[in-house]
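Biologist: I should like to go through this model with you, one topic at a time. Could we begin once the structure is on the screen?

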Amino acid sequence: MASDLIEIFSAIQGEGPIVGRRQIFLRFGHCDVACDYCDTPLCHVELACFRAETHPGSREFESFKNPASKDQIAQLVSRLDSPPGRHHSVSLTGGEPLLHADTILALGPVFRERGLRCYLETNGHLVDELKRVLAVIDIIGMDIKIASTAGFPPRHEENRAFLALSHAAGREVFVKIVVGEKTTRDELEAALAVVHDVDPELTVVLQPVTPFGGRGVPPTPAALLELQDAALASLPNTLVIPQTHKMIKQK
């Protein structure tokens, strides 16, 4: 059992409602979508090697060959979680981590033995893969992609099924929607209806798109307030949180 990785490192979570928490980031390679605002272009290329931080926060890395075995990943994560207790959880991110369901299923119990929760960052449409790993996942940050920022049609039916499964299983789950200058109220409300159908008390994060590689323009402050007003009409736990790790120049 092995997976292609991009990197493993310790950093501050910069998105969503657990912003500011220290995590070990396990960044998987490969993705099944190509968002216009993607800031991880390495997930779309074949990588012969991945990098792993030698000490938490050191920004000193070693290189290892892909694919990485389950035992190798566990060892590299464990050496960053020393002393224990520093990290809130392991962020399973990418790319799309659910493309590596077998590896996640094998690693989940290993992380829990160390007292590390599993935090899944996902596109939110691979329902069958979620079913396979849900038993080892503690927290889910689920994206709902919208056309004005992602650049492709939404998958609301898959998003609804994914969110309903996560919620019914009692997982801590929130929804993130990246919004930009071209995001309309109607487009946003269609995405918000997915959340409302499952549970109107769920947390929704509107994340202004961060320009990357010459692409992506965030909403104006006034437009962002209007989008939040539209969301708050039906979903009272709607937050606006930008990518704070970019502000402090933390990867």
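Modeller: One term is needed beforehand: a residue is called buried when its relative accessible area is under 20%, exposed when that area is over 50%, and partly exposed in between. Please also keep in mind that this is a predicted model.

Biologist: Understood. Is Lys176 buried or exposed, then?

Modeller: Lys176 has a relative accessible area of 11%, so it is buried.

Biologist: Which residue forms a salt bridge with Lys176?

Modeller: The partner is Glu15, and the closest N and O atoms of the two are 2.9 Å apart. The pair links distant parts of the chain: Lys176 belongs to strand β10, Glu15 to the loop between β2 and β3, and 161 residues separate them. Glu15 is buried as well, because its relative accessible area is 11%.

Biologist: How many salt bridges does the structure hold?

Modeller: There are 16 salt bridges. One of them joins Asp138 to Arg112, with the closest N and O atoms 2.8 Å apart. That pair also connects distant parts of the chain, 26 residues apart: Asp138 is in the loop between α3 (127–133) and β9 (139–143), and Arg112 is in helix α2 (residues 101–113). Arg112 has a relative accessibility of 36%, so it counts as partly exposed.

Biologist: And Glu157, what does that one bridge to?

Modeller: Glu157 forms a salt bridge with Arg160, where the closest N and O atoms are 2.8 Å apart. Both residues lie in helix α5 (residues 156–168), and because they are 3 residues apart, about one helical turn separates them. Glu157 is exposed, with a relative accessible area of 56%, while Arg160 counts as partly exposed at 21% relative accessibility.

Biologist: Which residues are joined into one network by salt bridges that share partners?

Modeller: That network consists of Glu15, Asp143, Lys145 and Lys176.

Biologist: Let us change topic to the aromatic residues. How many aromatic pairs are there?

Modeller: The structure holds 3 aromatic pairs. In one of them, the rings of Phe9 and Phe25 have centres 5.1 Å apart and planes at 5°, so this pair is stacked. Phe9 is in strand β2 (residues 5–12) and Phe25 in strand β3 (residues 22–28); they are 16 residues apart, and the pair links distant parts of the chain.

Biologist: Are those two rings' residues buried or exposed?

Modeller: Phe9 counts as buried at 1% relative accessibility, and Phe25 is buried with a relative accessible area of 7%.

Biologist: What about Phe50 and Phe64, and why would you call them stacked?

Modeller: Their ring centres are 5.6 Å apart and their planes are at 25°. Planes under 30 degrees apart count as stacked, so the pair qualifies. Phe50 lies in strand β4 (residues 49–53) and Phe64 in strand β5 (residues 61–65), so the pair ties together parts that are 14 residues apart in sequence. Phe50 is buried, with a relative accessible area of 1%.

Biologist: Which charged residue sits over the ring of Phe61?

Modeller: Arg51 does: its charged end sits over that ring, 3.7 Å from the centre.

Biologist: Back to the strands. What does β11 pair with?

Modeller: Strand β11 (residues 203–208) is mostly covered, with 5 of its 6 residues buried. Strand β10 (residues 172–179) pairs with β11 in the parallel sense over 6 bridges, and strand β12 (residues 238–240) pairs with β11, also in the parallel sense, over 3 bridges.

Biologist: Where does Leu206 fit in?

Modeller: Leu206 in β11 stands opposite Ile177, and its bridge partner in β12 is Val240.

Biologist: Which helices connect these strands?

Modeller: Helix α6 (residues 185–198) makes a right-handed β-α-β unit with β10 and β11. Helix α7 (residues 221–232) makes a right-handed β-α-β unit with β11 and β12.

Biologist: Finally, the whole chain: how many helices and strands?

Modeller: The chain contains 8 helices and 12 strands. Its radius of gyration is 18 Å, close to the 18 Å that the globule rule gives for 251 residues, so the chain is as compact as a globular protein of that length. The C-alpha trace spans about 45 × 40 × 30 Å along its principal axes, and buried residues make up 51% of the 251 residues.

How values were computed. Residues are numbered from 1 along each chain as its sequence is written. This is a predicted model: local features need pLDDT of at least 70, side-chain atom pairs count only at pLDDT 80 or more; totals for chains, interfaces and linings use all residues. Side-chain values use heavy atoms; hydrogens and water are left out. Buried means under 20% relative accessible area, exposed over 50%, partly exposed in between (1.4 Å probe, protein chains only). Helices (H or I, at least four residues) and strands (E, at least two) are DSSP runs, numbered from the N terminus. Two strands pair if DSSP finds at least two bridges between them. A crossover is right-handed if, with the strands pointing away from the viewer, the path from the first strand over the helix to the second runs clockwise. Rings of Phe, Tyr and Trp (its six-membered ring) pair if their centres lie within 6.5 Å; planes under 30 degrees apart count as stacked, over 60 as edge-to-face and the rest as tilted. A charge sits over a ring if NZ of Lys or CZ of Arg is within 6 Å of the ring centre and within 35 degrees of the ring normal. A salt bridge is a side-chain nitrogen of Lys or Arg within 4 Å of a carboxyl oxygen of Asp or Glu. The radius of gyration is taken over C-alpha atoms; the globule rule is 2.2 Å times the number of residues to the power 0.38.
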